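Student: I would like a close look at a single part of this model. Please begin at one residue and work outward from there.

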Amino acid sequence: ATTRTPLMAGNWKMNLDHTEAIAAVQKLAWTLKDAKHDFDDVEVAVLAPFTDLRSVQTLVVADKLEIRYGAQDLSQHASGAYTGEVSGPMLSRLGCTYVAVGHSERREYHAEDDTVVNAKVRAAFEHGLVPILCVGEGLEVRKAGDQVSHTLAQVDAALAGVTPEQAATVVIAYEPVWAIGTGEVATPEDAQEVCGAIRGRLAELYDAELAGGVRVLYGGSVKSGNVAQIMEQPDVDGALVGGASLDPVEFAKIARFRS
Ligand code: PEP
């Protein structure tokens, strides 16, 4: 039996302004409250645009919500002349628990390579944030059957210089790029193959006990209709949910996959 608490994290991407964000979090909270959701049983988080975070914080604090929140990216630097960037200290000051790092859209559209992803993972830890490290292969790599080696190379690079104390809290999201926003979900077996290999690599890089405590999520076209099957896999500890997280009722259903 696993002691890992599943995490359902909604990646809103560049959607929902700060007023829409308040409405979405309120609706999510009410829906989960109605369902008597136990947040110790399944943790729920939203990764919001930077401009939403102050509003989300205010609501979470005022209503004492157990929903956690975070950002979708951070600067690798703590402060300084980096126009347009947002730093780890700024995010932790806003009460963020999590920050996504290395999402495939950042890697593709913002040329974030493994070196940048590693610097951002380390910056997140340094400033008290838990990185949700996103890894996963594109279609060509999958067709060549190289998904495991490709993804593990991303894990190795991202965790270079990360201490065991830090690594013990990391969240890793396996997101095959061909399954993101395409409606084409990986089979539960595909998800298990790579999520299991990620845990195996953590055991090699650190130790088996640490690896056994790290949450490995699956991401890519997760919906309420397919989440339960994916969650049955032994090494899948939750989901990073894009499109389906924009509808709070649907996202609540995903978080309630056990009921
Ligand atoms: C994502 O962007 O992290 C994601 C998994 O998106 P979607 O659920 O829309 O495929």
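**The annotated site and its surroundings**

Tutor: His-103 is buried, because 28 other C-beta atoms lie within 10 Å. Buried means 20 or more other C-beta atoms within 10 Å of a residue's own; 12 or fewer is exposed, in between is partly exposed, and C-beta atoms are placed from the backbone. This is a predicted model: local features need pLDDT of at least 70, side-chain atom pairs count only at pLDDT 80 or more, and totals for chains, interfaces and linings use all residues. Residues are numbered from 1 along each chain as its sequence is written.

His-103 sits in the loop between strand 4 and helix 4 (104–109). Helices (H or I, at least four residues) and strands (E, at least two) are DSSP runs, numbered from the N terminus. Setting aside residues up to four places away in sequence, His-103 touches Gln-72 and Cys-134. Contact here means C-beta atoms, placed from the backbone, within 7 Å.

Which residues does UniProt list for "active site"? The unreviewed entry gives His-103 and Glu-175. They span 73 residues in sequence, yet no two of their C-alpha atoms are more than 8.4 Å apart, so they gather at one spot. UniProt positions follow the numbering used here, feature names are shortened, and annotations may be inferred rather than shown by experiment.

Now take Glu-175. Its place is the loop between strand 6 and helix 9 (188–205). Glu-175 counts as buried, because 29 C-beta neighbours lie inside 10 Å. Beyond four places in sequence, its contacts include Ser-104, Cys-134, Gly-136 and Leu-240. Cys-134 thus appears in the contact lists of His-103 and of Glu-175.

Pro-176 lies in that loop between strand 6 and helix 9 too. Pro-176 is buried, with 27 C-beta neighbours inside 10 Å. Beyond four places in sequence, Pro-176 touches Gly-136, Glu-137, Arg-142, Gln-147, Ala-186 and Gly-220.

What carries these loops? The fold has a closed barrel of eight strands, 1-2-3-4-5-6-7-8, with parallel pairing. The twist averages 25° from one strand to the next. Strands pair if DSSP finds at least two bridges between them. Four bridges join strand 5 (residues 130–135) to strand 6 (residues 171–174), which run parallel. One bridge pairs Ile-132 with Val-171 of strand 6.

Helices lie across these strands. Helix 5 (residues 114–126) crosses strand 4 (98–101) and strand 5, at about 175° to strand 4. Helix 7 (residues 147–158) lies across strand 5 and strand 6, at about 150° to strand 5. Axes are lines fitted to C-alpha atoms, for helices over the stretch in contact, and angles run from 0 to 180 degrees between N-to-C directions.

Helix 5 and helix 7 pack at about 50°, with axes 8 Å apart. That makes helix 5 oblique to helix 7. Under 35 degrees counts as roughly parallel, over 145 as roughly antiparallel, 65 to 115 as roughly perpendicular, and the rest as oblique. Helix 5 contributes Asp-114, Val-117, Asn-118 and Val-121 to the contact; helix 7 contributes Gln-154, Ala-157 and Ala-158.

Last, the "binding site". UniProt's unreviewed entry places this feature at Asn-11, Trp-12, Lys-13, Gly-181, Ser-221, Gly-242 and Gly-243. These residues spread over 233 residues of sequence but cluster in space, with a largest C-alpha distance of 13.8 Å. Gly-242 is buried, with 22 other C-beta atoms within 10 Å. Gly-243 is partly exposed, with 19.

Key
Two residues are in contact if their C-beta atoms, placed from the backbone, lie within 7 Å.
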